[in-house]
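Trainee: Could you take a close look at one part of this model with me? I would like to understand one helix and how it sits in the chain.

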Amino acid sequence: MGIILLIIILFVLVIGVFYIYSVEEIGKLDVKARDAASEFDSVLWDRKHQLSKILDILDQKKIHYNIVKEKDNSLGIGMPPLMQEQACRELDEKDMDLQEVLKENPSLKDDEDFAKCLSRFDQLRLDLMQAQLSYNNKAGMFNSFISNFPASFVAERHGNNRKNFFNYIFKENKIDKDIN
């Protein structure tokens, strides 16, 4: 009787340790994925802000462009990947339109403020790609962990669902900007 009781107590302890470990690890991985998504949102906001600064310069110079200027630069923090993908798609389209403005107005490359904003805008595009990879990596680690037993049981009980991946493929920037 004493051995059976000891085995039951050990079994309950082992289950408890696995449960606590799973809850803690799910929490850590979830925070990492949310931090990566937040970083992506931040870079996305910065890129939209740089575009608005570029368009302000074009307005000051009275240069015509076919880019829809947004009234505000608000993006919701914690946007789902689908909305982030849409925002990236719109920025890529505006980037291509901006390239046409550059081709029609080569003197813009001589404007120091414009060149600085454009350089930052381009760098933020690369930062978005890096943030996408980081988020997808963290989301993949989270999804992988919660798909295995016993974490899958714990995740289901706590309402943790798989994280969506960010699947936007950035357009190749084929037009030479020729601004240094």
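**A close look at helix 1**

Mentor: Gladly! Read along the sequence, this predicted model follows the pattern α-α-α-α, with 4 helices and 0 strands in the chain.

Let us start with the length of helix 1. It has 59 residues, which at 1.5 Å a residue should span 87 Å, and its end C-alpha atoms are 87 Å apart, so the two values agree. Set beside this the C-alpha trace of the chain, which spans about 90 × 30 × 20 Å along its principal axes. The radius of gyration of the chain is 24 Å, whereas a compact globule of 180 residues would have one near 16 Å. After helix 1 comes K62, with a positive phi near 55 degrees.

Now for the packing. The largest nonpolar core holds 33 residues, and L44, I54, L58, C88, L98 and F114 touch the most other members. Helix 1 (2–60), helix 2 (81–104) and helix 3 (112–146) each give two or more residues to this core, and the largest share, 10 residues, comes from helix 1. Another core, of 8 residues, lies apart from it and includes I26, F142, F145 and A151.

There is a nonpolar surface to consider as well. I4, I8, F11, V12 and I15 make a nonpolar patch of about 500 Å². I15, which lies in helix 1, has a relative accessible area of 45%, so it counts as partly exposed, between the limits of 20% for buried and 50% for exposed. For the chain as a whole, buried residues make up 38% of the 180 residues.

Definitions and conventions. Residues numbered from 1 in each chain as written. Predicted model: local features only at pLDDT ≥ 70, side-chain atom pairs only at ≥ 80, totals over all residues. Heavy atoms only, no water. Core = buried A, V, L, I, M, F, W, Y, C linked by side-chain atoms within 4.5 Å. Buried < 20%, exposed > 50% of the residue type's maximum accessible area, 1.4 Å probe, protein only. Patch = residues over 30% accessible without salt bridge, like charges linked within 9 Å, V, L, I, M, F, W, Y side chains within 5 Å. Areas by Shrake-Rupley, 256 points an atom, 1.4 Å probe, with all protein chains shown as cover. Salt bridge = Lys/Arg side-chain N within 4 Å of Asp/Glu carboxyl O. Expected span 1.5 Å × (residues − 1). Rg over C-alpha atoms; globule rule 2.2 N^0.38 Å.
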